[in-house]
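Got the viewer open? Load the model, colour it by chain, and follow along stop by stop.

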Amino acid sequence: MRPYFRLFSAIGGKVKRKEYDNLAGYIFIMPWLFGFLAFMIVPMIMSLYLSLTRYNVLSSPTWVGLENYIKIFTKDPRFVQSLKVTGVYVATAVPLRLTFALFLAVLFSQKRMLVGFYRTIYYVPSLIGGSVAVAVMWRQLFGVYGALNSFLTSSGIMESNFGWITNPRTALWSLIVLAAWQFGSPMLIFLAGLKQIPASLYEVAAIDGANWWQTFTRITIPMLSPVIFFNLVMQTINNFMMFTQAYIITEGHPFDRTLVYILYLFQRGFTYNQMGYACALAWVLLVVVGIVTALIFKSSPHWVYYESKGDL
Amino acid sequence: MKTRRIAGSILYHGFILAFGFLMFYPVLWLIASSLKEHSEIFREAHILIPETIRLDNYVQGWRGFGGNTFGLFFKNSFIVSGISTFGQLASASLAAYGFTRVKFYGRKFWFAVMIATLLLPGQVLRIPQYVLFNQLGWIDTYLPLILPHFFAGPFFVFLIAQFIRGIPSELDEAATIDGCGKYAIFFKIILPNIKPPIITAGIFSFYWTWQDFFGPLLYIQTVEKYTAALALQLFSDPNSVTNWGAMFAMAVLSLVPVFIIFITFQRHLVEGISTTGLKG
């Protein structure tokens, strides 16, 4: 018997208790632990290996070393394009979505009639926004013969129909608007955060004669900053992963102007059967998202205000 | 003073209703278009009230394609989402209980690892997962869509764990004195008490699997096995002649279960998101 067991046997029943708890604990978390290893760690190791090979699924992978990575960084204009598109998309869609979310959360945090009903209704786009049903609808809504053009021409704002989805300058915006439209979840999270701000702070501000804007920028925003930070991180990561909408609505067209990163990765992997290359692309994305997330975390001491407990 | 308050109130509700209409317009437009006649859908497209309400689109859409009705696609979706959700709830509540109520070696470490995986962008693992499932011969089966949900997703574990922390541990202690082991405590004390997070987790799990498109797109090849989301996309394939009315009708139908669940359980949903900050 190993020495530490003998050591513990002095406490008799306690050891049995500990062994029992250890076993029971691992049995209970086994579903998660196994899934974590089988569907996350194993694929990650596979992906790292495959990214160093040429692999088309049908024949076995051939080792090529860093070739895929070198090609990505030196000879792949579509990689650069997709990174640019995704960057623009994330940098506009996330702030827009969060601004809408915060604005409406502030409106809905007031104690008024019907506010509970409004909250529920305003959450609906978030509920269905990621579905294929909404994506196919969106393509027609902004299509040449869609509702937007129909409204703009019949009300005399525009002379003729405009291809919002096919025009290189507006195509990405049709996706950004769709992303901004789904502000429901961050809105609810903001609302929960707003409820946590002590009313006394607002009372003091009112006594000091602060106007609405001063109250908002000096109390609401700083007190809410941990929640803003949380939403910013989650939304940034999520929006980097956008795929369904670009695949269905614009298919990356026109001229790759809406070729978001995951769509490009999908094309490399499944349209051209370059699994090794696609894995390398995935690792590059993981690093990019990691850097962006790290930057947000790094910036947080400058704008996220954590109230130290017991100070007030 | 009073008139000012009334004016403020009118402004407030007026703005919210106007903005709400604009925001809700796409959904209304989808429903309206599904009830319009073919020639009417893209003529004066923005008008929400059909000249005559017709259900032809629903009849035509239901017929589906390739000899398969949309009924079959919906059935497939229900099977995939139903089984996945069951697996998710069962495995996640077990894991959540283990993390919160059993003091085992390495508990804090594994919980931290699990939380960290919440930040991992899942899409980057799609390719190796595909390779893995391909080697297992699971392509064109529901296994890649269903099986991973039997291994406790971190979102769900976290959601349920947060709730279990709120259940007084005196209940566990009393049960231990009565001779219950960790397993009996789970089934007798914890499980009957975690209905709220189970409902919330169940709703999210169902939604995500119901609306999942990437998964079926990668793994399902035979038309008979298509889920509704995948069938809907094929329906609107720009390379074929599309019956837009029928497509809109099926799009509306595919959202019906989502709305029904939302209306029934909206309180659970709103509370679930607010308390855990779940779902992007």
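In chain B, among contacts between residues at least 6 apart in sequence, what percentage join residues at least 24 apart? It comes to 71%, where contact means heavy atoms within 4.5 Å.

Before clicking on, some ground rules. This is a predicted model, so local features need pLDDT of at least 70, side-chain atom pairs count only at pLDDT 80 or more, and totals for chains, interfaces and linings use all residues. Residues are numbered from 1 along each chain as its sequence is written, chains are lettered from A and ligands numbered from 1 in the order in which they are written, and side-chain values use heavy atoms, with hydrogens and water left out.

**Stop 1: chain B as a whole**

Select chain B and switch to cartoon. You should see 14 helices and zero strands; helices (H or I, at least four residues) and strands (E, at least two) are DSSP runs, numbered from the N terminus. Chain B is more spread out than a compact globule, because its radius of gyration is 24 Å, well over the 19 Å that the globule rule gives for 280 residues. That radius is taken over C-alpha atoms, and the rule is 2.2 Å times the number of residues to the power 0.38. Along the principal axes, the C-alpha trace of chain B spans about 75 × 70 × 35 Å. Of its 280 residues, 55% count as buried; buried means under 20% relative accessible area, exposed over 50%, and partly exposed in between (1.4 Å probe, protein chains only).

**Stop 2: the loop after helix 1 of chain B**

Zoom in on B:Lys36, in the loop between helix 1 (2-35) and helix 2 (38-41) of chain B. Is B:Lys36 buried or exposed? B:Lys36 counts as buried, because its relative accessibility is 2%. Show its side chain: a polar atom there lies 2.7 Å from the backbone oxygen of B:Ile47. Leaving out residues up to four places away in sequence, B:Lys36 touches B:Ile41, B:Glu44, B:Ala45, B:Ile47, B:Pro50 and B:Asn57.

Now click on B:Glu37, in the loop between helix 1 and helix 2 of chain B. B:Glu37 counts as partly exposed, at 35% relative accessibility. Draw a distance from its C-alpha to that of B:Phe151: the two are 114 residues apart along the chain and separated by 47 Å.

**Stop 3: three more picks in chain B**

Select B:Thr100 in helix 4 (residues 70-101) of chain B. B:Thr100 is buried, with a relative accessible area of 10%. A polar atom of its side chain lies 2.7 Å from the backbone oxygen of B:Ala96. Not counting residues up to four places away in sequence, B:Thr100 touches B:Arg107, B:Ala161, B:Ile164 and B:Arg165.

Move to B:Ala152, in the loop between helix 7 (143-146) and helix 8 (154-164) of chain B. At 1% relative accessibility, B:Ala152 counts as buried. Check its backbone too: phi is near 35°, a positive value in a residue other than glycine.

Then highlight helix 13 (residues 228-235) of chain B, where seven of the eight residues are buried. Among them are B:Leu230, B:Leu232 and B:Phe235.

**Stop 4: over to chain A**

Chain A has 14 helices and two strands. Its radius of gyration is 26 Å, whereas a compact globule of 312 residues would have one near 20 Å.

Find the loop between helix 12 (244-250) and helix 13 (261-271) of chain A, home of A:Pro254. The peptide bond from A:His253 to A:Pro254 is cis, with omega near -20°. A:Glu251 lies in the loop between helix 12 and helix 13 too, and its phi is near 55°, a positive value in a residue other than glycine. Most residues other than glycine have a negative phi, and most peptide bonds are trans.

**Last stop: where the chains meet**

Show both chains and select the contact: 94 residues from chain A and 91 residues from chain B. The area buried between them is about 8,100 Å², with carbon and sulfur atoms giving 78%; buried area is the accessible area (1.4 Å probe) that two parts lose on being put together, summed over both. Pick out A:Phe28, A:Trp32 and A:Phe39, which supply 11% of the area that chain A buries against chain B, more than any other three residues. Finish on helix 2 (residues 13-50) of chain A, which gives the largest share of the side of chain A that touches chain B, 25 residues.

Notes. Polar contact = N/O pair within 3.5 Å; in protein donor to acceptor, adjacent residues only side chain to side chain.
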